[in-house]
Amino acid sequence: MKRALRSLVLAGLAASMLGACSIARVDVRGYVPNDEELAKLEPGRQSRDEVQQILGSPSSMGAFDEEQSWYYIYRKTSTTAFFEPEVLEQRVVVVHFDRGGMLRDVRRYALEDGLIVDPVTRTTPSPGREMSFLEQLLGNVGKFNRAGGSSGPFGGGRN
């Protein structure tokens with residue numbers, strides 16, 4: 001009877017652990033203004049301050065363009081157990097201003113508009129040669145002076 005109860009408890013524990021791995025966690029990050037807020041924007045008529053009052057603070061601001069750009073970014077991902085997160089939804093609204101700080105353009109992008117960036121996987125060669133583990137381990141054998149024959153900073157030498 002004890003074996004049957006123990007087997008049943010272990011089977012239930014294993015089933016609950018496997019079930020916990022299959023539950024996906026959904027994360028929502030960022031903010032994108034809704035259509036009603038975006039409809040209030042009038043390019044050429046509103047300043048940065050007016051746009052910020054309507055849309056709120058952006059997620060990010062362009063750092064390298066003379067005419068400043070604001071980015072509102074929203075992303076929804078699903079993560080199951082230890083696997084990489086899967087992007088379910090992504091929206092980006094880019095608000096462009098001219099040099100005078102007036103609203104110039106508003107653009108919307110979705111997940112389908114994104115590009116996959118493949119980083120360069122090359123390695124930079126370094127001078128010298130690769131040493132094996134054994135060469136590293138035995139490399140200093142015979143390079144030390146006999147006891148008492150050293151005149152280095154840690155003593156052992158004769159005066």
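**Exercise 1. Which side chain makes a polar contact with the side chain of His96?**

Find the partner in this predicted model, then describe the surroundings of His96.

Solution.
- Step 1. Locate the residue. His96 sits in strand β4.
- Step 2. Check its exposure. The relative accessibility of His96 is 12%. The cut-off for buried is under 20%, so His96 counts as buried.
- Step 3. Name the partner. The side chain of Ser69 makes the polar contact, at 2.9 Å.
- Step 4. Widen the view. Neighbours within four places in sequence are set aside here. His96 then touches Gln68, Ser69, Met102, Leu103, Arg104, Asp105 and Arg107.

**Exercise 2. Which residues make up the largest nonpolar core?**

List them, then trace the elements and the contacts of one member, Leu41.

Solution.
- Step 1. List the residues. The core has 12: Val32, Leu38, Leu41, Val51, Leu55, Trp70, Tyr72, Tyr74, Val93, Val95, Phe97 and Leu103.
- Step 2. Assign elements. Two or more core residues come from each of α3 (48-55), β3 (69-80) and β4 (86-97).
- Step 3. Follow Leu41. Beyond its neighbours within four places in sequence, Leu41 contacts Gln46, Val51, Ile54, Leu55, Leu103 and Val106.
- Step 4. Recall the general rule. Nonpolar side chains tend to be buried together in soluble globular proteins.

**Exercise 3. How many salt bridges does the structure hold?**

Give the count, then work through three of the pairs, including Asp35 with Arg108.

Solution.
- Step 1. Count. There are 5 salt bridges.
- Step 2. Take Asp27. Its side chain meets that of Arg25 at 3.3 Å, N to O. Asp27 is buried, at 17% relative accessible area.
- Step 3. Take Asp35. Its side chain pairs with that of Arg108 at 2.9 Å, N to O. Asp35 belongs to helix α2 (residues 35-39) and Arg108 to strand β5 (residues 103-110), so this pair ties together parts 73 residues apart in sequence. Asp35 is partly exposed, at 48%.
- Step 4. Take Glu89. Its partner is Arg91, with the closest N and O atoms 3.2 Å apart. Glu89 is partly exposed at 29%. Arg91 is partly exposed at 34%.

**Exercise 4. Which residues form a nonpolar patch on the surface?**

Name them, then classify Leu134 as buried or exposed.

Solution.
- Step 1. Name the members. Phe133, Leu134, Leu137, Leu138 and Val141 form the patch.
- Step 2. Give the area. Together they have about 580 Å² of accessible area.
- Step 3. Place Leu134. It lies in helix α4 (residues 133-138).
- Step 4. Classify. Exposed means over 50% relative accessible area. Leu134 has 53%, so it is exposed.

Definitions and conventions
Residues are numbered from 1 along each chain as its sequence is written. This is a predicted model: local features need pLDDT of at least 70, side-chain atom pairs count only at pLDDT 80 or more; totals for chains, interfaces and linings use all residues. Side-chain values use heavy atoms; hydrogens and water are left out. A nonpolar core is a set of buried Ala, Val, Leu, Ile, Met, Phe, Trp, Tyr and Cys residues joined through side-chain atoms within 4.5 Å. Buried means under 20% relative accessible area, exposed over 50%, partly exposed in between (1.4 Å probe, protein chains only). Helices (H or I, at least four residues) and strands (E, at least two) are DSSP runs, numbered from the N terminus. Contact means heavy atoms within 4.5 Å. A salt bridge is a side-chain nitrogen of Lys or Arg within 4 Å of a carboxyl oxygen of Asp or Glu. Patches are made of residues with over 30% relative accessible area and no salt bridge: like charges are joined within 9 Å, nonpolar side chains (Val, Leu, Ile, Met, Phe, Trp, Tyr) within 5 Å. Accessible areas come from the Shrake-Rupley method with a 1.4 Å probe; for residues, only the protein chains shown count as cover. A polar contact is a pair of N or O atoms within 3.5 Å; within protein, one must be able to donate a hydrogen and the other to accept it, and residues adjacent in sequence count only if both atoms are side-chain atoms.
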